[in-house]
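Trainee: I have a structure to work through, and I would like to reason about it with you one question at a time. Could we put it up and begin?

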Amino acid sequence: MKPGSRDIKLPILITGEELSELQRHSWHMAEAFGLDRRIENYKGKRPIGLYSWDFDCLLAVIEYVIDDPKEYPDKNDSGYIALRNLYYRLKTENLKLK
């Protein structure tokens, strides 16, 4: 999807364990028009610009993964907690776009 003149790009900084867990599951974003490659190549040094459709994809993937007991059988796992925190942070930021 090509952004229009009224589409807002919101910069988000994702670092540390949040980034490594998100990159671990980036293969779920295969149909997201390059978002998977952007996440895989993202180093976490500067904020990454995300549009509303990027947020929608990220939120769907993260929600799917954190609800999957095969991925995170232990809800006290640090990876699960980091990804869950990222989910809530992205959800809050996505509300700013609407």
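Trainee: Is Tyr-80 buried or exposed?
Mentor: Keep in mind that this is a predicted model, and begin by placing Tyr-80, which is found in helix α4. A residue counts as buried when its relative accessible area is under 20%. Tyr-80 has a relative accessible area of 11%, so it is buried.

Trainee: Which residues is Tyr-80 in contact with, leaving aside its neighbours within four places in sequence?
Mentor: Distance along the chain and distance in space should be kept apart here, since Tyr-80 and Glu-17 are 63 residues apart in sequence and yet 9.7 Å apart in space, C-alpha to C-alpha. Contact asks for heavy atoms within 4.5 Å. With the neighbours within four places set aside, the residues in contact with Tyr-80 are Ile-66, Tyr-72, Asp-74 and Lys-75.

Trainee: How are α1 and α4 oriented where they meet, and what angle do their axes make?
Mentor: Two packed helices are described by the angle between their axes and the distance between the axes. The axes of α1 and α4 come within 8 Å of each other, and the angle at which they cross is roughly 95°. Angles of 65 to 115 degrees count as roughly perpendicular. It follows that α1 is roughly perpendicular to α4, with a crossing angle of roughly 95°.

Trainee: What kinds of residue make up the contact of α1 with α4?
Mentor: On the side of α1 the residues are Glu-17, Glu-18, Glu-21 and Leu-22, and they meet a set in α4 that includes Ser-78, Ala-82 and Arg-89. Sorted by character, the residues of this contact are four nonpolar, three polar and four charged.

Trainee: Which side chain makes a polar contact with the side chain of Glu-18?
Mentor: Glu-18 lies in helix α1, and its relative accessible area of 16% makes it buried. Leaving aside neighbours within four places in sequence, Glu-18 is in contact with Ala-82, Asn-85, Leu-86 and Arg-89. The polar contact, at 2.7 Å between side chains, is with Arg-89.

Trainee: Is Glu-93 buried or exposed?
Mentor: Glu-93 is found in helix α4, and beyond its neighbours within four places in sequence it is in contact with Leu-10, Ile-12 and Phe-55. Its relative accessibility is 18%, so Glu-93 counts as buried.

Trainee: How does Asp-56 count by its relative accessibility?
Mentor: Asp-56 belongs to helix α3, and, with neighbours within four places in sequence left aside, it is in contact with Asn-94 and Lys-98. Partly exposed covers the range between under 20% and over 50%. At 40% relative accessibility, Asp-56 therefore counts as partly exposed.

Trainee: Which element supplies the largest share of the largest nonpolar core?
Mentor: This core has 27 residues, and among those that touch the most other members are Leu-22, Leu-58 and Leu-90. The elements that each supply at least two of its residues are β1, α1, α2, β2, α3 and α4. The largest share, eight residues, comes from α3.

Trainee: Which residues does Gly-44 touch, not counting those up to four places away in sequence?
Mentor: Gly-44 is found in the loop between α2 and β2, and at 11% relative accessibility it counts as buried. Gly-44 and Ile-12 are 32 residues apart in sequence, while their C-alpha atoms are 9.5 Å apart in space. Once residues up to four places away are not counted, those touched by Gly-44 are Leu-13, Ile-14, Thr-15 and Leu-19.

Key: Residues numbered from 1 in each chain as written. Predicted model: local features only at pLDDT ≥ 70, side-chain atom pairs only at ≥ 80, totals over all residues. Heavy atoms only, no water. Core = buried A, V, L, I, M, F, W, Y, C linked by side-chain atoms within 4.5 Å. Buried < 20%, exposed > 50% of the residue type's maximum accessible area, 1.4 Å probe, protein only. Helix = DSSP H or I, 4+ residues; strand = E, 2+ residues; numbered from the N terminus. Axes fitted to C-alpha atoms, helices over the stretch in contact; angles between N-to-C directions. Parallel < 35°, antiparallel > 145°, perpendicular 65-115°, else oblique. Nonpolar A, V, L, I, M, F, W, Y, C, P; charged D, E, K, R; others polar. Polar contact = N/O pair within 3.5 Å; in protein donor to acceptor, adjacent residues only side chain to side chain.
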